[in-house]
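Reader: I would like a close look at one part of this model. Please keep it brisk, and then connect that part to the rest.

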Amino acid sequence: MTKFSRVGFLINSLRSGGAETVFLNELTHLGGLGVDAVCITLTGLSNQWLIDHKANICLHPRQLVELDRIKKISLTNVYHCFDSNGEVSLKTAFKLAQYIKSSGITCLYTTLDSSIKIGLLAKLFYGDFRLIVREARIYSQKPIYLKLLDRTLCQLVDQYVAVSYAVSESMPLKIRAGSGRVSVLKNGVRTKMQRSDYGLPVVNLVTVASLREVKRIDLVIKAFGYLSDLYPKLNLLIIGSGELEANLKRLSHVQPGAHRIQFLGLLTGEQIEWVYRRPSVFVLASDSEGCPNALLEAMAHALPCVGSN
């Protein structure tokens, strides 16, 4: 990649999630190296992002306190495909292809199912750019239509980036064929984190996730209901937000020990670190994960971690 290259980062939206955070970290890093990069989204800015029109930047809520690591993206440098609901369509793919051609993008880097599909279809309309796909899902856990699309259009992908060796090894040989076609780039966390509460009784079960169906926070809440009588001083702390928040709160109200279930919403990195320093067990009950940031951060704090297989 030359310093004159223009890189497009294609993602579903700028909501607060692990993939979005990783993408913005990478985009910001490239920008710091002088690379011309643009963020492309399938939907508009979420209200979970704070927009400062005067300064012409958008800031993630978790980054407001972390001023030394704050990520800024110029609003003039965010292109939206303007799908009202982010659904995949040939119209959106054609619009993206036109934008890639007209704006001089030479490399498109994309992640998450919808954006990957749009990126593949856009290359059918206009193929004069490198397509790099970041894979974060175990292949066997993908829906059948995605598997068919991957196998049919995988030759359009110039490079795959898997977030873990497990993700890489799960990909079919047809996709992995070719020397160096699949690289493993693990999500990173700060390693200065540590705990100092060894030997103290556990007081919190902690889960950090967007409140979506795939994260299965409902299982965590029900499991806490079973444990609440056995451990009357145990609390469940749910960190994150999402479309299922109201439903999950209703579910928590009918569980034993409901008064010890707390929905903390979005927290800054410093606030999450404060929670992790308390005697806690981290729980991740997702149906599907590739290399979850929340789990890596909990492990960096030396928390005991319980996850779904």
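Is lysine 142 buried or exposed, and at what relative accessibility? Start there, then work outward through the other side-chain pairs.

Author: This is a predicted model, so every value here is computed from predicted coordinates. Lysine 142 counts as buried, because its relative accessibility is 7% and the cut-off for buried is under 20%.

Its charge has a partner. The side chain of lysine 142 meets that of aspartate 150 in a salt bridge, 2.7 Å from N to O. Aspartate 150 is buried too, with a relative accessible area of 4%. The pair does not stand alone. Glu135, Lys142 and Asp150 are joined into one network by salt bridges that share partners.

Now the wider set of charges. The whole structure holds 9 salt bridges. One of them joins the side chains of aspartate 158 and lysine 123, again at 2.7 Å, N to O. This one links distant parts of the chain, with the two positions 35 residues apart. Aspartate 158 sits in the loop between helix H4 (144-153) and strand S9 (159-162). Lysine 123 belongs to helix H3. Their exposure can be read from the numbers. Aspartate 158 is partly exposed at 30% relative accessibility. Lysine 123 is buried at 11%.

Another salt bridge brings together the side chains of aspartate 36 and arginine 6, at 3.1 Å, N to O. It also links distant parts of the chain: aspartate 36 is in strand S2 (residues 36-41), arginine 6 is in strand S1 (residues 6-11), and they are 30 residues apart. Aspartate 36 counts as partly exposed, at 36%. Arginine 6 counts as buried, at 17%.

Next, polar contacts without a salt bridge. Take serine 183, in strand S10 (residues 182-184). Its side chain makes a polar contact of 2.8 Å with the side chain of glutamine 159. These two residues are 24 apart in sequence, yet their C-alpha atoms are 7.6 Å apart in space. Beyond four places in sequence, serine 183 touches Gln159, Tyr160, Val161 and Ala162. Serine 183 is partly exposed, with 31% relative accessibility.

Threonine 207 is a buried case, at 1% relative accessibility. It is found in strand S11 (residues 204-208). A polar atom of its side chain lies 2.9 Å from the backbone oxygen of valine 283. Its contacts beyond four places in sequence are Ile217, Val220, Leu237, Ile238, Ile239, Phe282 and Val283.

Phe282 leads on to the aromatic rings. A search of the whole structure finds 4 aromatic pairs. Tyrosine 276 and phenylalanine 282 form an edge-to-face pair, because their planes stand at 80°, with ring centres 6.3 Å apart. Both residues are buried. Tyrosine 126 and phenylalanine 129 also have ring centres 6.3 Å apart, but their planes are at 25°, so this pair is stacked. Phenylalanine 129 is buried, at 5% relative accessibility.

The backbone has two points to check. Most residues other than glycine have a negative phi. Leucine 112 has a positive phi of about 70°, although it is not a glycine. It lies in the loop between strand S7 (107-111) and helix H3 (113-125). Its relative accessible area is 24%, so leucine 112 is partly exposed. Arginine 216 also has a positive phi, near 55°. Its place is the loop between S11 and helix H7 (217-227). Arginine 216 is partly exposed, at 23% relative accessibility.

Now the surface. Leu90, Phe94 and Phe125 make a nonpolar patch of about 310 Å². Leucine 90 lies in helix H2 (residues 90-103). It is exposed, because its relative accessible area is 55% and the cut-off for exposed is over 50%.

Last, the whole protein. It has 10 helices and 15 strands. Of its 309 residues, 50% are buried. Its accessible surface is about 15400 Å², and carbon and sulfur atoms account for 56% of that. Among contacts with a separation of 6 or more, 69% join residues 24 or more positions apart. The salt bridge between aspartate 158 and lysine 123, 35 residues apart, links distant parts of the chain. Back at the starting point, lysine 142 is buried and bridged to aspartate 150.

Technical notes: Residues numbered from 1 in each chain as written. Heavy atoms only, no water. Helix = DSSP H or I, 4+ residues; strand = E, 2+ residues; numbered from the N terminus. Buried < 20%, exposed > 50% of the residue type's maximum accessible area, 1.4 Å probe, protein only. Contact = heavy atoms within 4.5 Å. Areas by Shrake-Rupley, 256 points an atom, 1.4 Å probe, with all protein chains shown as cover. Patch = residues over 30% accessible without salt bridge, like charges linked within 9 Å, V, L, I, M, F, W, Y side chains within 5 Å. Salt bridge = Lys/Arg side-chain N within 4 Å of Asp/Glu carboxyl O. Polar contact = N/O pair within 3.5 Å; in protein donor to acceptor, adjacent residues only side chain to side chain. Phe/Tyr/Trp six-rings, centres within 6.5 Å; stacked < 30°, edge-to-face > 60°.
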